[in-house]
Each structure stands twice: as structure tokens, then as C-alpha cells.
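Please read this briefing alongside the sequence and the coordinates, which are shown just below.

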Amino acid sequence: MVPPLSVDGTSDTNGNAAKYKPHHGNVMDNTKFNVPYMKQFALVLNALDNVAARRHVNRLCLAASIPLVEAGTAGYLGQVTVIDKASNTECYECQTKPTQKVYPICTIRSTPSQPVHCIVWAKEMYKLCFGPKVEDSMLFEDEESLKADMEAAEKEKNEEGEENGGAAASSSSGENTNGGGSGEKSTYMDTVKELRSLLGVDSDGPQSKEEKDLRTKSQEALTALFATEIQKQIGMDRYKTADKVPKPIASDDISKCTDMEVVPPTAREDYVPTNIWSPSDCIAEIVSCFIEVAANANSPTNPTSPLPEFDKDDEMAMRFVCAASNLRQSVFQIDPIQSLYDAKGIAGNIIPAIATTNAIVAGLQVLQAFHILKAQSEGKADKLREVCRYTYCLRDKTRKGFLLQPTTIPGPNPNCFVCRNATISLALNTKEWTLDMLLARVIKKELGFTEPTIMIGEDIVYEEGEDIDPSEFAVNLSKSLVDLPAGGMGHGSIVRIEDFTQNLEVEVSVSHKDHWVIVDKEKKGETQPDNREEIEKFDIGGKKPVATTDTTAAAADSSSAKDEEKQPDDDSDDDIELVEMDEKPKEDSGASVKEKSNGSSSKKRSLEEEEPSNNGVKKAKVAADDDEVIEIE
């Protein structure tokens, strides 16, 4: 039985109340939620909703040697497992997780074929109209970008001409992702800038308080976006090979729907979020969003210009995105048209949660927590693979009618870069040591790395290799460890160091130490101040990494291939990554070019980490029916 809730920690008459202390913050904040913080607890239960946060907590618990009860749900499916370094279980990252959804920018801008393409476009349009930095939108155009597009198109045209023996290049080589022609300006950019001024996004307040002026400019902007620009693209034969030629929205229809007498769908009495909006409804809804933003900008008590980044939980933002994406779907004849409810799910990459599944999985987590606490009290803290289970919550019953299927927790994947090597500890003065000192004395001399890549979280702060420009990270070499990007290397930080030339990877748990003494063994353990140079004052604990030979690596790959596949966590809230492509794709295919991670990911790293994508979801292999099972009515 769970003890009664007592936020202030007071006990009842029997003295058995538990104290629940809430912490509000981002679990990715390494200044608070770090290794020392995790070491306070006997175990950790995860209830996170994204891959990045789960990876972070997984690494913290491994470094702190604290058991982690990891769980996840997706609709009617779910799973619960225990991750424990001492018990030699697999960690969260032992199994490949679903990769990011990637869409080429040219597909989003010019040749959408799916509802999600239009929703991504609408989110970029939100940035263009309301965002604090208009240049952050991929739909933004300025003279420099247009000039660059023109030069790129001309270069491509010349190259194609040379390949064809001097023949003229095809007209498609002149197409680009901005205006649609060789650096030609789009028809909507100037109008959108004027609209931003009216809304007060680029100034201290709206230039005009007349709703009539705002409706007129809204009409001009929508006409440019959904009529004039589309007609221009059709006239340039951009869609001559397309299965469906876009149909621009008639200017007269836009004019009628921007009239003051038209009521937007969300203002009607019979409105529900699952309604499907017509093109007329979408136009009226977009105009109402413009008017709402201008009205709020006029309010001295509630100024909202410029608006924050897009948030799926912001009502106005989702109304705008839903209406704009549906209009674009209508133009490009893409079905099905999305309701506000469905559009929110796509915009936020949401799989609707089922309360029953969440409750069952949460209960299974508590059961595993009981097993862990009992094992710890009996001195079997390193035997959790024997007392805990990896339990699947199934949608369809097994042959014996069970919906919960427990299996043995697998061992670590020999190819896992997170848990296959022991995490080492490193104590030093993080305020005095620079990155250059760390590289020379510890990473290269002490640990034996030759071409290291240093990562704090998901950010690369230093990298060496054949294809790396030394000047790219030179600015970080002279910085103290605590002043490095991505939060720095402070007390409790976890740093990942990789060297693909040696197949060498290690996680380093950094701790700050500024007081050093030397123990004199000849004088019965007397201590004296440590007068060595700062670069010699450090302490490494744990098993140092050992480079893996090609033979060993091949054997590990072979062994890994024989392991049983398990159902991976289906985290559905992964981000949408937009990818620049020089050529217009013939259709929405899996081919894409990955952008540099954080602007500094190297060719070496991209080649090493590139994996084939699997469109299907792996089916879980569960134990035989005579294994321990839990039956629910």
C-alpha cells in the first residue's frame, strides 16, 4: 500500500507517511539533474515522453550505478524494463531507436504530396508571419539568399550543359526552392513583410488600428500565397510532370471570405475540434488569427508581439497552422483534409495516449520497483536480471489469453556505444583546466585517443579527423571546461569521447575538485599540499577504455547479429528534420541528405553512424507460454 501523501513530510499517528518532494524543471538541465543528484536515490522511475530525455537519464543512471525502471507506451502497446549497470542488463540505447522523420525542403516548399508536408509548411509560415526572427523561416527571402540561389542555378545549368556535350541544360535546372525560378523573388514576400508591420510584429505596436486595413492586407497576403504564387509556378512548367496540377484558390473567393461578416469556424456555436474545415472556413480562420494578434499587440497589459516559437499547445498557433495547411492541401489536392484535432497530432508528432495503457504500465513500473527494493534489502542488488522482468503490454491476447507477457531482461548489446564500455570518473579543477589541457594530458596521453570527438549531451565541442577543419573548434581550446558550449563540463557532467579510428568510445563522469594534497607514506600517511602544476592534478577512476581491433569488432558484430530482436520503444514525438536538397525530387522518397548536427557534425561521424532506415515496426519476440505471466481480466 502506498503511504499517504504528505507534501510537508508530516506523519500520521502511526508515523508512516511518506514525503513527496516535487521538482519543476527540465531533466536535461545538467546543472541540477546530474550524476550526484541521481546518486541520492535507491532507484529511478522514468515517465518521459521523448528519446533525447530518456537517453540523458539512461546515461546518468549508468554513470551513477542506480537502477532505472524504464517504460513507454504507444496506443495500446507498452513495455517496462529495468536497466542496471551492476546487474549487466541492456541499457536504453542498446537497441536502435526510430530515426527522425526527414523531409527535403524543396518538397515542403514546392512539391508537397502528404498532409504532413503541408503542416510543416504551415509551421514555417507561422514563423514568417509571427515569429520573432522572420529569417528563421525557411520561406524567408532576402537579396543574399536570392543571389545565392541564382548563382547555384547558373552553376548547375552550366554543369549539365557540359555533361550533355554543350547542349542546353533543361529548364528544370533553373528551378530553386525560393521563388521557383533562378533566384527570382516570390510574389508573397513583400506583402508578408507589410502584414508583419500592420500586426506590430516588427515594431512597438500595430501601424494601423483599423480592422479594415488589416483585413485588406490579409486578403493581399493570402492571394499572393495561394493564388498568384501558384499560378506563377504553373506558368513556369514546374508541375508539367506532376500527377495532379495544383489548383490556385480564386482571388474572388479569398476576397469574400475576408469580409467582416464571415464568422470563423472556431467562433461558431456548433464548433468541435474534430470538424473538417472548408477552404472558405480556413481563410476566415487565418484572418481571425491576424486580427487576434493585432488586438493583443494593442493591449498594454498583454503585449504578444513578437509571438514566441510555435507551440502545439497554443490555441491560436494551432488554428493558424491547421487552416494554412488545409488551404495548401486544397491547392495541391492532397487528401485527407485534417481537423484541428488531427493536425495537432501531426504537428506535435503525437500518438494519442490511452489512459488504461498508461495506468497498466505505471503499475508494472511500481511492481518492478518493489522487486528492486526487496533485492537491495536482501543484498542482491546486482542480481536484478534474476528478479525483474522485461514486460510487454500487448494489444492482442496470446494463445493463452494473456495481455501481459514478461520475458527475461536481455544482456547488454556488445555494440552499444553507451554501456559496452565502463564509465570512468575524472576529478579535476573544471574552472582551471582548459579543453586544450584536457586533450593533451588526459584524453590523448592518459586514455590513448588519437582523433577524439568530444560531445557534451548531443553537441560536439571538439573533433579531429581527416575531413575536419582544425579552425572549426579552435575557439574552444582556450576555454575553461565550465565555459564550453552546451552547458560546459561542470561538476556532475557526462562527457562522451569517441575515436572511430580505434573503435574506441567512453563515457566520462566529470567531478570538480580544487583542493589537492599528497599523502606521504613514509610519514605514516601525513598529508601536505600538492604543489604540482595544474595539468598534473587529476584523478581517473574506473576501467580505462581499450581500443578494439578489427577482428574483435567483427566478432562482436557477428555475435550481435545472432541476438534476438526486441520491440523498441516507440517514441512518437521525434522532431521533423528539414533537409536542403539541390534538386527537386521526383516524388517523396526515402532519399535525403542529412544536415550537419548542431552545425558541426563531421563527415567522419556521418559515415560511421549512417544506418538503413526501417519503415516497419519490429515485432516483439516474447517468451514461450510456459513463462511467468500476469493475467488481467
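The points that follow go from the chain as a whole to helix packing, a surface patch and individual loop residues.

The model described here is a predicted one. Its protein chain contains 17 helices and 17 strands, and buried residues make up 45% of its 633 residues. Of the contacts in the chain with a separation of 6 or more, 68% are between residues 24 or more positions apart. The accessible surface of the protein chain is about 33400 Å², and carbon and sulfur atoms account for 49% of that surface.

**Helix α4 and its two partners**

- Two packed helices are described by the angle between their axes and the distance between the axes.
- Helix α4 (residues 115-130) and helix α11 (residues 340-347) have axes that come within 10 Å of each other and cross at roughly 80°; crossing angles of 65 to 115 degrees count as roughly perpendicular, and α4 and α11 are therefore placed in that class.
- On the α4 side this contact is made by V116, I119 and K123, while on the α11 side it is made by A343, I346 and A347.
- The axes of α4 and helix α6 (residues 189-199) come within 8 Å and cross at roughly 60°, which makes α4 oblique to α6.
- In this second pairing, K127, L128, C129 and F130 of α4 meet M189, V192, R196 and L199 of α6.

**The loop leading to α11**

- The loop between α10 (315-332) and α11 contains P336, and the peptide bond that joins D335 to P336 is cis, with an omega of about -5°.

**Helix α14 and its surroundings**

- Helix α14 (residues 435-446) has buried residues at L435, M437, L438, L439, R441, V442 and I443, so that an arginine appears in this list beside the nonpolar side chains.
- These buried residues of α14 pack against the strands β9 (424-428), β10 (453-456), β11 (459-463), β12 (494-499) and β16 (539-541), and also against the helix α15 (474-477).
- Just after α14, G448 takes a positive phi of about 85°.

**A nonpolar surface patch and strand β3**

- A nonpolar patch on the surface is formed by L45, V366, L367, F370 and L373, which together have about 420 Å² of accessible area.
- Helix α12 (residues 355-377) provides the largest share of this patch, with four residues.
- L45, another member of the patch, lies in strand β3 (residues 44-45), and its relative accessibility of 40% counts as partly exposed.
- N46 lies in the loop between β3 and α2 (51-64), and this residue is buried, with a relative accessible area of 4%.
- When neighbours within four places in sequence are left aside, the contacts of N46 are with R54, V57, L68, V69, E70, A71 and Q365.

**Positive phi angles outside glycine**

- S65, although not a glycine, has a positive phi of about 55°; this serine lies in the loop between α2 and β4 (68-74) and is partly exposed, with a relative accessible area of 43%.
- N88, which is likewise not a glycine, has a positive phi of about 60°; this asparagine lies in the loop between β5 (77-83) and β6 (101-104), and at 44% relative accessibility N88 counts as partly exposed.

**A buried glycine between α15 and β12**

- Is G488, in the loop between α15 and β12, buried or exposed? Residues under 20% relative accessible area are classed as buried, and G488, at 2% relative accessibility, therefore counts as buried.
- G488 and I456 are 32 residues apart in sequence, and their C-alpha atoms are 7.3 Å apart in space.
- I456 is also among the contacts of G488 once neighbours within four places in sequence are left aside, together with L481, V482 and S493.

How values were computed:
Residues are numbered from 1 along each chain as its sequence is written. This is a predicted model: local features need pLDDT of at least 70, side-chain atom pairs count only at pLDDT 80 or more; totals for chains, interfaces and linings use all residues. Side-chain values use heavy atoms; hydrogens and water are left out. Helices (H or I, at least four residues) and strands (E, at least two) are DSSP runs, numbered from the N terminus. Buried means under 20% relative accessible area, exposed over 50%, partly exposed in between (1.4 Å probe, protein chains only). Contact means heavy atoms within 4.5 Å. Accessible areas come from the Shrake-Rupley method with a 1.4 Å probe; for residues, only the protein chains shown count as cover. Patches are made of residues with over 30% relative accessible area and no salt bridge: like charges are joined within 9 Å, nonpolar side chains (Val, Leu, Ile, Met, Phe, Trp, Tyr) within 5 Å. A salt bridge is a side-chain nitrogen of Lys or Arg within 4 Å of a carboxyl oxygen of Asp or Glu. Axes are lines fitted to C-alpha atoms, for helices over the stretch in contact, and angles run from 0 to 180 degrees between N-to-C directions. Angles under 35 degrees count as roughly parallel, over 145 as roughly antiparallel, 65 to 115 as roughly perpendicular and the rest as oblique.
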